[in-house]
Protein chains: 2
Amino acid sequence: MPLGAPHERSDAARNRERLLSAARDLVAEFGAEALTMDALACKAHVGKGTVFRRFGSRAGLMMTLLSDSESEFQHGFMFGPPPLGPGAAARERLIAFGEGRIYFVLENGELLKAAGAATRNRFDVPATKLSHRHMEILLREAGIADPRVMAMSLTYALDPERIVDDVRVRGISPTRLTDSWRELITRLLPAA
Amino acid sequence: MPLGAPHERSDAARNRERLLSAARDLVAEFGAEALTMDALACKAHVGKGTVFRRFGSRAGLMMTLLSDSESEFQHGFMFGPPPLGPGAAARERLIAFGEGRIYFVLENGELLKAAGAATRNRFDVPATKLSHRHMEILLREAGIADPRVMAMSLTYALDPERIVDDVRVRGISPTRLTDSWRELITRLLPAA
DNA sequence: ATACTAAACGGACTATGGTCCGCTTTCTAT
DNA sequence: ATAGAAAGCGGACCATAGTCCGTTTAGTAT
């Protein structure tokens with residue numbers, strides 16, 4: 001709700017609530033993958049145009065649905081206690097960040113995959129962009145030559161599709177993922 | 001063409017040629033992204049069902065279109081001269097592999113993106129799978145604790161979508177990509 | 001040459017994300 | 001209270017990947 005925004009009309013607010021509620025129900029019952037925009041419009045007793053006016057796209061809807069748990073995770077690495085939050089060395093923070101992200105993805109994987117799948121470049125997902133910035137800063141702090149590009153490599157290494165498929169399709173345990181992430185960061189960044 | 005395969009019927013062969021030729025024309029003229037299965041069927045004077053019978057899916061078509069340059073690249077890292085091919089240390093081979101892959105992707109990016117976009121997990125693209133195996137072997141040779149998982153991280157770091165978008169959308173030069181890849185591998189693998 | 005079979009064909013049909021635009025509702029200024 | 005404007009609404013419509021199935025055709029056995 002931007003400050004200068006003109007008051008949201010009451011019918012718009014009502015429909016937004018209806019849609020969010022219906023969407024959460026559908027996701028809870030059938031999973032995010034199975035959610036279709038038609039079904040959502042129907043269940044919320046709203047026209048299809050309204051769904052798209054509200055959320056822009058399927059990806060936009062998924063991002064909205066994500067925003068709560070997303071904010072929580074973001075808060076953790078930006079303001080929370082070390083090693084995830086500020087106060088620890090970049091290396092430790094990156095390790096903790098990757099581990100946190102892996103578990104975050106495993107909890108919200110369907111939504112994240114759905115959010116990323118529909119976007120042209122998955123980078124349009126704000127959560128992804130913020131993660132990237134965060135890693136970029138830590139990598140710079142740790143003396144990486146091109147933190148922006150390296151952060152992109154690591155971002156893709158933590159791609160929701162990759163993590164979810166590793167665990168659910170290829171049978172890799174979450175522990176193996178976090179261990180490998182730790183090895184990656186440990187070798188990548190010189191010990192303090 | 002598997003050995004025991006029953007002879008391919010002449011009409012099937014004729015239609016395959018027509019389709020491949022039409023597809024190459026369309027890609028050359030409008031780009032891979034713009035190719036629709038309807039347009040292809042129409043241009044090849046063939047029913048839509050035939051297109052799908054031949055290639056299974058849009059991704060399948062793209063993979064078929066890719067197979068030539070793909071084989072060439074594969075041959076390079078499996079049988080070619082070092083440092084890309086066998087004969088060099090794992091570290092050097094991985095660096096060369098990443099660089100080669102980056103340029104390969106930049107040349108065939110549209111097809112690769114199109115091939116990956118339509119697949120459930122982009123891992124179904126055979127080129128990707130083979131790259132993964134190759135990296136896994138080199139990582140094992142270099143003493144990485146969990147080569148399979150680490151190879152997956154690196155595979156995603158070289159994702160076609162990532163590379164193409166870095167260069168075309170985010171304005172990263174190919175050189176920056178290869179430099180960063182070199183830094184990544186150099187730090188990741190202990191010097192010989 | 002004929003009949004038979006399995007493969008191949010083609011295009012109508014479905015599913016789904018997304019757009020468009022004429023109609024309706026809410027808010028605001030008077 | 002009223003009128004006008006701006007925002008919102010809804011569902012018909014479009015594009016496109018992929019499926020289905022009745023019909024056709026190439027090869028084969030006789």
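Two residues are taken to be in contact if their C-beta atoms, placed from the backbone, lie within 7 Å. With that cut-off in hand, the meeting of the two protein chains in this predicted model can be described: 100% of the interface residues of chain B are also interface residues in chain A, so the copies meet through the same surface. The geometry of the pair can be stated as well, since a rotation of 180° with 0.0 Å of shift along its axis places chain B on chain A with an RMSD of 0.0 Å. The two copies are thus related as by a two-fold rotation axis.

Chain A may serve as the starting point for the fold. It contains nine helices and zero strands, so that, in the notation for elements read from the N terminus, chain A runs α-α-α-α-α-α-α-α-α. Its C-alpha atoms fill a box of roughly 60 × 45 × 30 Å, taken along the principal axes. Of the 192 residues in chain A, 38% count as buried, and among the contacts of chain A with a separation of 6 or more, 61% are accounted for by residues 24 or more positions apart.

The interior can be followed through its nonpolar part. The largest nonpolar core has 102 residues, and those with the most contacts inside it are A:Met62 and B:Met62. Leaving aside residues up to four places away in sequence, A:Met62 touches A:Ala32, A:Leu111, A:Ala114 and A:Ala115.

From the core the description turns to the place where the chains meet. There, 25 residues of chain B are in contact with 25 residues of chain A. On the side of chain B that touches chain A, H7, helix H8 (160-168) and helix H9 (174-188) of chain B each supply at least two residues, and H9(B) gives the most, with eight residues. By residue type, this side of chain B divides into 12 nonpolar, three polar and 10 charged residues.

Helix H8 of chain A, which spans residues 160-168, offers a closer view of burial. Which of its residues are buried? They are A:Pro160, A:Glu161, A:Arg162, A:Ile163 and A:Asp166. What covers these buried residues of H8(A) includes helix H5 (90-117) and helix H9 (174-188) of chain A, together with helix H7 (147-157) of chain B.

The model also holds two DNA strands, here taken in turn. DNA strand C is surrounded by 24 residues, of which the closest are A:Gly49, A:Ser57, B:Asn15, B:Gly47 and B:Gly49. The elements that give two or more residues to the surface near DNA strand C are helix H1 (10-30), helix H2 (37-43) and helix H3 (48-55) of chain A, together with helix H1 (10-30) and helix H3 (48-55) of chain B. H3(B) gives the most to this surface near DNA strand C, with four residues, and the residues of the surface divide into five nonpolar, nine polar and 10 charged.

Around DNA strand D there are 25 residues, and the closest are A:Gly47, A:Gly49, B:Ser10, B:Gly49 and B:Ser57. To the surface near DNA strand D, at least two residues each are supplied by H1 and H3 of chain A and by H1, H2 and H3 of chain B. Here H3(A) gives the most, with four residues, while the residues of the surface near DNA strand D divide into six nonpolar, nine polar and 10 charged.

Some details of the backbone remain, and they call for a point of reference. Most residues other than glycine have a negative phi, and most peptide bonds are trans. In chain A, a cis peptide bond joins A:Pro82 and A:Pro83, with omega about 5°, and A:Pro83 lies in the loop between helix H4 (58-79) and H5 of chain A. In chain B, the peptide bond from B:Pro82 to B:Pro83 is cis, with omega near 5°, and B:Pro83 lies in the loop between helix H4 (58-79) and helix H5 (90-118) of chain B.

The phi angle of A:His45 is positive, at about 55°, although A:His45 is not a glycine. This residue, A:His45, is found in the loop between H2 and H3 of chain A. Is A:His45 buried or exposed? With 11 C-beta neighbours inside 10 Å, A:His45 counts as exposed, because a residue is exposed if 12 or fewer other C-beta atoms lie within 10 Å of its own. In chain B, phi of B:His45 is near 55°, a positive value in a residue other than glycine, and B:His45 lies in the loop between helix H2 (37-43) and H3 of chain B. B:His45 is exposed, with 10 other C-beta atoms within 10 Å.

How values were computed. Residues are numbered from 1 along each chain as its sequence is written. Chains are lettered from A and ligands numbered from 1 in the order in which they are written. This is a predicted model: local features need pLDDT of at least 70, side-chain atom pairs count only at pLDDT 80 or more; totals for chains, interfaces and linings use all residues. Copies are superposed by least squares on the C-alpha atoms of residues with pLDDT of at least 70 in both. A residue is buried if 20 or more other C-beta atoms lie within 10 Å of its own, exposed if 12 or fewer, and partly exposed in between; C-beta atoms are placed from the backbone. A nonpolar core is a set of buried Ala, Val, Leu, Ile, Met, Phe, Trp, Tyr and Cys residues joined through C-beta atoms within 7 Å. Ala, Val, Leu, Ile, Met, Phe, Trp, Tyr, Cys and Pro count as nonpolar, Asp, Glu, Lys and Arg as charged, and the others, Gly among them, as polar. A residue is near a molecule or strand if its C-beta atom, placed from the backbone, lies within 6 Å of it.
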